[in-house]
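Please read the following points alongside the sequence and the structure. They are meant as a guide for a colleague who has not looked at this model before.

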Amino acid sequence: MLEFRREGIYCPQGKFYIDPWLPVDNAIITHAHSDHARIGMKKYLCHPLTEPILRLRLGSDIKVQTLNYNQEILMNGVKVSLHPAGHIIGSAQVRMEYKGKITVASGDYKIQADGISTPFEPVRCHEFITESTFGLPIYNWLSVEQMNQNLSDWVLNNQSNGITSILVGYALGKAQRIMKAVEGVGKIYVHYAIERINKAFIDSGIYLPDYETIDFSNKPKDLSNSIIIVPPSLFGSNMLKGIPKSYTAICSGWMQVRGARRWRSADAGFAISDHADWQGLLTAIKETSAEKVFVTHGFKSEFTRYLNEMGTEAFEITTEFGSDEEIDETIIKE
């Protein structure tokens with residue numbers, strides 16, 4: 001049902017693309033991270049909670065149609081519906097049905113319920129397109145509750161020593177999870193890039209903990225019991241170095257094995273990820289009952305080989321997707 005073209009993943013029967021990376025007429029967008037949602041499409045289709053972020057990032061004048069979860073529409077004879085992916089707020093899997101054959105494109109996903117995103121729902125299908133950002137057995141997440149507790153304990157320990165806690169996380173999805181994890185622990189400040197995303201969520205009726213936007217050119221004098229959340233581009237910057245008595249923690253799935261010590265100026269690392277871990281990927285694929293699996297990005301060679309060895313017909317697909325956490329890592333290294 002799907003073709004993998006230079007423009008992106010294409011459904012010839014329905015005449016639409018899924019998360020295309022070149023301009024096309026009709027694009028279904030799984031979520032608003034920049035590697036999956038790009039400018040230049042004539043028409044966009046997405047979940048209602050994704051729309052405000054698309055407009056924020058791509059322009060308020062783009063043409064957007066929204067579709068609720070489990071709502072079905074017909075696109076040139078193909079039944080199309082969106083289903084929760086659990087990746088970030090509004091993220092969706094795309095289910096396509098044509099002449100009895102069902103294909104599901106997952107976008108990015110995780111099966112852990114984070115308390116903000118609509119939890120992942122497996123969709124039975126004949127073909128499943130999966131990511132594999134953390135497609136190695138070494139990646140196994142703690143429970144959301146345990147990781148949140150670990151993060152809160154770190155912040156509380158800093159506070160007991162008069163130290164400001166700086167938390168580094170992707171502006172869309174990760175930052176909001178961090179805010180939820182440390183709610184009630186201390187006063188929360190966020191960088192303006194995160195505030196822009198937060199405002200779009202709040203305007204859509206999504207609850208977020210109280211926070212203030214920090215102005216680094218005129219920051220408060222006393223931040224000793226505060227929590228500052230910033231995007232990865234600020235890691236190691238003079239803005240953060242100008243905050244006295246502060247510790248910095250990186251919040252990323254890469255911290256599972258690489259640890260904060262790899263980046264010598266980081267004081268801690270927490271493996272908080274918006275992607276499925278190894279077991280999550282295997283569980284999601286099993287629950288689809290898919291006969292064929294296409295692996296688009298991440299540890300795709302290793303993961304594809306494993307699936308084939310375990311008896312699932314799998315194929316490695318070359319795309320231009322690079323997960324937000326891969327982008328985070330690149331920025332952190334710079």
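1. A residue is called buried here when its relative accessible area is under 20%. The model is predicted, and in helix α6, which spans residues 278–288, the buried residues are Trp278, Gly280, Leu281, Leu282, Ala284, Ile285 and Thr288.

2. What do the buried residues of α6 pack against? Their partners are β11 (127–132), β18 (292–298) and α7 (300–309). Just after α6, Ser289 takes a positive phi of about 60°.

3. Elsewhere in the model, six strands form an open sheet with parallel pairing, and their order is β14-β13-β15-β12-β16-β17. The edges are held by β14 (212–213) and β17 (268–270), each of which has a single partner strand, so one side of each is left without a neighbour in the sheet.

4. At the β17 edge, three bridges join this strand to β16 (residues 246–251), the two running parallel, and Ile250 has Gly269 in β17 as its bridge partner. Helix α2 (residues 144–160) packs on the sheet, where it touches β12 (164–168), β15 (226–230), β16 and β17, and its direction makes about 145° with that of β12.

5. Helix α4 also packs on the sheet, touching β13 (187–190), β14 and β15, with a direction that makes about 100° with that of β13. Asn198 lies in this helix, which covers residues 192–203. Is Asn198 buried or exposed? Asn198 is buried, because its relative accessible area is 0%, and, leaving aside residues up to four places away in sequence, Asn198 touches Gln176, Met179, Val190, Leu208 and Tyr211.

Technical notes. Residues numbered from 1 in each chain as written. Predicted model: local features only at pLDDT ≥ 70, side-chain atom pairs only at ≥ 80, totals over all residues. Heavy atoms only, no water. Helix = DSSP H or I, 4+ residues; strand = E, 2+ residues; numbered from the N terminus. Buried < 20%, exposed > 50% of the residue type's maximum accessible area, 1.4 Å probe, protein only. Contact = heavy atoms within 4.5 Å. Pairing = 2+ DSSP bridges. Axes fitted to C-alpha atoms, helices over the stretch in contact; angles between N-to-C directions.
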